[in-house]
Amino acid sequence: TQNNLTPKVMKESHPSFGFYLTKVKGLAPEYNQHSALDLKDIFSLTKAKLKASAQFNYMTDIPWLMKQYPAEYRSCPLLIVHGEQRGSKSALEKAASVFPNITLCNAKLEIMYGTHHTKMMLLLYDSGLRIVIHTANLIENDWFQKTQGIWISPLFPSLLGEQSAHRGNSATNFKGDLLEYLSFYNRPDIDEWCKHIKGHDLSNSSVFLIGSIPGRHLAERKTSFGHLKLRKVLNLHGPEKSLVTSSWPLIGQFSSIGSLGTDQNQWLCGEWLASLGTVKGCSLTSKTPLQLVFPTVNNVRESLEGYPAGTSLPYSINVAKKQPYLRNFLYQWKSDRLSRSHASPHIKTYLRVSPDNSSVAWFLLTSANLSKAAWGVLEKNGSQFMIRSYELGVLFMPQYLVSRKVFGVPEVKERKANMETISFPVPYDIPLIPYSNKDEIWIWDIPHIKAPDRHGNKWCPP
Ligand SMILES: CC(C)c1cccc2c(O)c(C(=O)O)cnc12
């Protein structure tokens, strides 16, 4: 497999491509042993000695985070990259001041409503560098009762000879794209980490990097980030249009929804779907069937956390009222195969699936929810591309991971006779289950009192 993980987390029934979920407390052991990790597992994947680490995230509970590091590493230099402002910034500074090994780095957020969503760990060892890109905040509540996604890189060895941005790259240009993404922070502490990355051989990273950097991007920079980057990568390296025709649905799965515009054909089924529906050599018009996975009120009510799971599913009534058309695309959160139907989703994933639900053309794990702020929106007649938030994700493309044109879907009985496919561990059940006509989309700022959750409570937001 791609990783030299210690045996305890590697009893895989299938190659995981470095893709893991977080452990969920209370599940039968087999649902937590294979391809599920918690933060302590991530810190003990290798016997190599940790020298320093960087944690990029949105929410960080510093005392809790420090406890997740093995005791012998709690004095290693730790850079925390965040987007806090005003009061929450001084609260973070206060919490960090207790730990002399912690340096804070405040990512600039110059566009209103932008956030630092990116969730990444840079782990520098005496014998290599490991990169983790994931979807969980560094708070306990995000790590034991939700469905979260994690990509673990191989342990990248040091580059022999001097550091270089160009040597030690891969066919997916992962090293180049990561250095470009980090350069846009324009922060000295992050530039130091770029030197470490330049000093390592990332040539066997077989995923593509899809990041978002806040700004109004012009000219060739328009395709460096957001959905236009994904469009570019799919155009150059995506599936063949003879195989992945416009009848292959696009599945988006996320934990928050932004204001997408009053006309679905403007951004959602226009610009955004055209990007995600792109295949090699062309950017498909938005004929691609769109399927959106977001929890129903009942999904939240029946979750392990009950209605409080909804505090991490921030979809507000004022936004929902403006876009009733979303109803046409909605599917429930269901993950019986992994025993995670009740582990509320904070993971964000996007994939292209065959009409018969047997094959997956590509799979994206990212911090990006369904919003213009995260993915970007073209402005000024397409001459500029405006993104509000920092986001980061990894794209799994079959031909870069296994010598196949598509991934299989786990546990799909009927297989194409002539195609021994390798399945991708999609974190929810395919085929998807649509909303029933009684189902309502979860909205976090209205009461839900028809039925109590498993803790006997109803939902009455302030
Ligand atoms: C709307 C904002 C304040 C919000 C509410 C609840 C959960 C959030 C969350 O989980 C993230 C994140 O994980 O990046 C980011 N904003 C979140």
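How many salt bridges does the structure hold? In this predicted model, the structure contains 10 salt bridges. The description below turns to the sheet and its helices, then to individual charged pairs, and finally to aromatic contacts.

Eight strands are arranged in an open sheet of mixed pairing, in the order β2-β1-β9-β7-β6-β3-β4-β5. The edges are occupied by β2 (36-37) and β5, each of which has a single partner strand, so one side of each lacks a neighbour in the sheet. Within this arrangement, β3 and β4 are paired in the parallel sense over four bridges. In β4, V81 is the bridge partner of F56. Helix α4 (residues 86-96) packs on the sheet through contacts with β4 and β5, and its direction makes about 165° with that of β5. Helix α5 also packs on the sheet, where it touches β3, β6, β7 and β9 (149-152). The angle between the direction of α5 and that of β7 is about 70°.

Two further helices illustrate how residues are covered. In helix α6 (residues 188-198), the buried residues are I190, W193, C194 and I197. These residues lie on the same side of α6, because they cover an arc of only 110° around the axis. Such a pattern can be read against the geometry of an α-helix, which has 3.6 residues a turn, so residues three or four places apart point the same way. The partners against which the buried residues of α6 pack are the strands β3 (50-56), β4 (78-82), β5 (102-106), β6 (120-125) and β7 (128-134), together with helix α5 (174-183). Helix α8 (residues 267-276) is mostly covered, with 10 of its 10 residues buried. Among them are W267, L268, W272 and L273, as well as C269 and G270. The buried set of α8 also includes E271, A274, S275 and L276.

Several of the salt bridges join distant parts of the chain. K146 forms a salt bridge with E305, in which the closest N and O atoms are 3.0 Å apart. This pair connects strand β8 (residues 146-147), which holds K146, to the loop between α9 (297-301) and α10 (317-320), which holds E305, across a separation of 159 residues. K146 counts as buried because its relative accessibility is 1%. E305 likewise counts as buried, at 7% relative accessibility.

A second salt bridge is formed by E379 and R216, with 3.9 Å between the closest N and O atoms. Here the link runs between strand β18 (residues 377-379), where E379 lies, and strand β11 (residues 215-218), where R216 lies; the two residues are 163 residues apart. E379 is partly exposed, with a relative accessible area of 23%. R216 counts as partly exposed as well, at 47% relative accessibility.

A third salt bridge brings together the side chains of K334 and D429, at 3.0 Å from N to O. K334 is located in the loop between β14 (330-331) and β15 (344-345), whereas D429 is in the segment after β21 (407-408), and 95 residues separate them. With a relative accessible area of 28%, K334 is partly exposed. D429, by contrast, is buried, with a relative accessible area of 12%; the limit for a buried residue is under 20%. K334 and D429 are also linked with D336 in a network of salt bridges.

Aromatic contacts were examined next. A search of the whole structure finds 25 aromatic pairs. One of these is formed by Y181 and Y185, an edge-to-face pair with a centre-to-centre distance of 5.5 Å and 80° between the planes. Both Y181 and Y185 are buried. The rings of W272 and Y350 have planes at 70° and centres 6.0 Å apart, so this pair is edge-to-face. The contact links distant parts of the chain, since W272 belongs to helix α8 and Y350 to strand β16 (residues 349-353), 78 residues apart. W272 and Y350 are both buried. In addition, one aromatic cluster is formed by F17, F19, F363, F396, F407 and F424.

Technical notes:
Residues are numbered from 1 along each chain as its sequence is written. Side-chain values use heavy atoms; hydrogens and water are left out. Buried means under 20% relative accessible area, exposed over 50%, partly exposed in between (1.4 Å probe, protein chains only). The arc is that of the directions from the helix axis to the C-beta atoms. Contact means heavy atoms within 4.5 Å. Two strands pair if DSSP finds at least two bridges between them. Axes are lines fitted to C-alpha atoms, for helices over the stretch in contact, and angles run from 0 to 180 degrees between N-to-C directions. A salt bridge is a side-chain nitrogen of Lys or Arg within 4 Å of a carboxyl oxygen of Asp or Glu. Rings of Phe, Tyr and Trp (its six-membered ring) pair if their centres lie within 6.5 Å; planes under 30 degrees apart count as stacked, over 60 as edge-to-face and the rest as tilted.
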